Amino acid sequence: MLLGYTITQWLFGILSFLAIMFALMVVFSRNPVSSVLYLVLTFFCIAGHYLLLNAQFLAVVHIVVYAGAIMVLFLFVIMLMNLNEDTEPQRTHLSKFIAAIAGGLLLIVMVGSLKGAGELGLTQFGHSQMGLVKNLGTVLFKEFLFPFEIASVLLLAALVGAIMIGKKEIK
Amino acid sequence: MLNGIPINYYLLLSAVLFIIGAVGVMARRNSIIIFMCIELMLNAVNLLLVAFSTLHNDAAGQVFVFFIMAVAAAEVAVGLAILSMIYRNVKHIDTDVLTNLKN
């Protein structure tokens, strides 16, 4: 107990703060490469949240797939296009201001509509063993076997599609 | 409230992350940054799904997040291929330049 809060509550607060800060940096940093790196840090904070929620399998998959594969793909494309701070297009101040106002209004609407959710209950940590690989694998291969196979077909189709689009000339 | 975090904290965190992503889509002109903001919005939703699956002690939510990750990976592969193709032909990925469909 520290200042009346438990360790998990402190961790939740710190991870949330960091996630929101890095997410803001993604939107506001001018250099696309640093934008990508801040997004990687945001994903690490979200993986920490998954660990807090006792979803270890998803935390590992999140780091491997998002931080390891998807963000490296983004980085490769940005470096191939040679984007940097000088080539970065900027919106006018007016449209940025309008975007901020629209986001603020959306936030007000969402917070107002989610206000009554406090009665739903607490997320308890450390009790549930459901997020472990063994239990999740059982559910995945028993109840969700068909969607799992469909996902593999989807990934194959995306692979073929990406290669076809990326080819120099389509005959 | 001994060990738990109230679910509405997670709701608030996800809402804030989602709205940061939405503001990014509205405020930026670089297509790749817009794409990254869409990933951020997807992740906000994923976080909320995991929180609710822990709350209700139901593994279906986490399996669903797993499928969302697979679909997001496919989406990013195809999307970045399209973007690099556009860049090869137009030499730009600024959304204010790519207005061929408008006229």
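What follows is a conversation about a predicted model with two chains, A and B.

Me: Why is Ala99(A) called partly exposed?
Reply: Ala99(A) has 19 other C-beta atoms within 10 Å, while a residue counts as buried with 20 or more and as exposed with 12 or fewer. Because 19 lies in between, Ala99(A) is called partly exposed.

Me: Where in chain A does Ala99(A) lie, and which residues does Ala99(A) touch, not counting residues up to four places away in sequence?
Reply: Ala99(A) lies in helix H4 of chain A. Leaving out residues up to four places away in sequence, Ala99(A) touches Val23(B), Met26(B) and Ala27(B).

Me: What makes Leu40(B) and Ala23(A) residues in contact?
Reply: Two residues are in contact if their C-beta atoms, placed from the backbone, lie within 7 Å, and Ala23(A) is listed among the residues that Leu40(B) touches, so the pair meets that cut-off. With residues up to four places away in sequence not counted, Leu40(B) also touches Val26(A), Leu39(A) and Thr42(A) from chain A, and Leu17(B), Ile20(B), Gly21(B) and Gly24(B) from chain B.

Me: What makes up the largest nonpolar core, and which residues have the most contacts inside it?
Reply: The largest nonpolar core has 64 residues, and Met36(B) and Leu40(B) are those with the most contacts inside it. The elements giving two or more residues to this core are H1, H2, H3 and H6 of chain A, together with helix H1 (7-27), helix H2 (31-56) and helix H3 (60-90) of chain B. H1(B) gives the most to this core, with twelve residues.
Reply: A nonpolar core is a set of buried residues of certain nonpolar kinds joined through C-beta atoms within 7 Å, so Met36(B) and Leu40(B), as members of this core, count as buried.

Me: How is chain A divided, and what does each domain give to this core?
Reply: Chain A is divided into domain 1 (1-90) and domain 2 (132-171), and their C-alpha centres lie 24 Å apart. The largest nonpolar core draws at least three residues from each of these two domains.

Me: How do you know that chain A does not match the rule for a compact globule?
Reply: A compact globule of 171 residues would have a radius of gyration near 16 Å, but chain A has 21 Å. The C-alpha trace of chain A spans about 60 × 50 × 30 Å along its principal axes. For chain B, a compact globule of 103 residues would have a radius of gyration near 13 Å, but chain B has 18 Å, and its C-alpha atoms fill a box of roughly 60 × 25 × 20 Å along the principal axes.

Me: How many residues does each chain bring to the contact, and what kinds are they on the side of chain A?
Reply: The contact takes 74 residues from chain A and 60 residues from chain B. H3(A) gives the most to the side of chain A that touches chain B, with eleven residues. That side of chain A divides into 52 nonpolar, 19 polar and three charged residues.

Me: Which pattern of helices and strands does each chain follow?
Reply: Chain A comes to six helices and one strand, following the pattern α-α-α-α-β-α-α along the sequence. Chain B comes to three helices and one strand, and from the N terminus on its elements run β-α-α-α.

Methods: Residues numbered from 1 in each chain as written. Chains lettered and ligands numbered in written order. Predicted model: local features only at pLDDT ≥ 70, side-chain atom pairs only at ≥ 80, totals over all residues. Rg over C-alpha atoms; globule rule 2.2 N^0.38 Å. Nonpolar A, V, L, I, M, F, W, Y, C, P; charged D, E, K, R; others polar. Domains from an automatic or database assignment.
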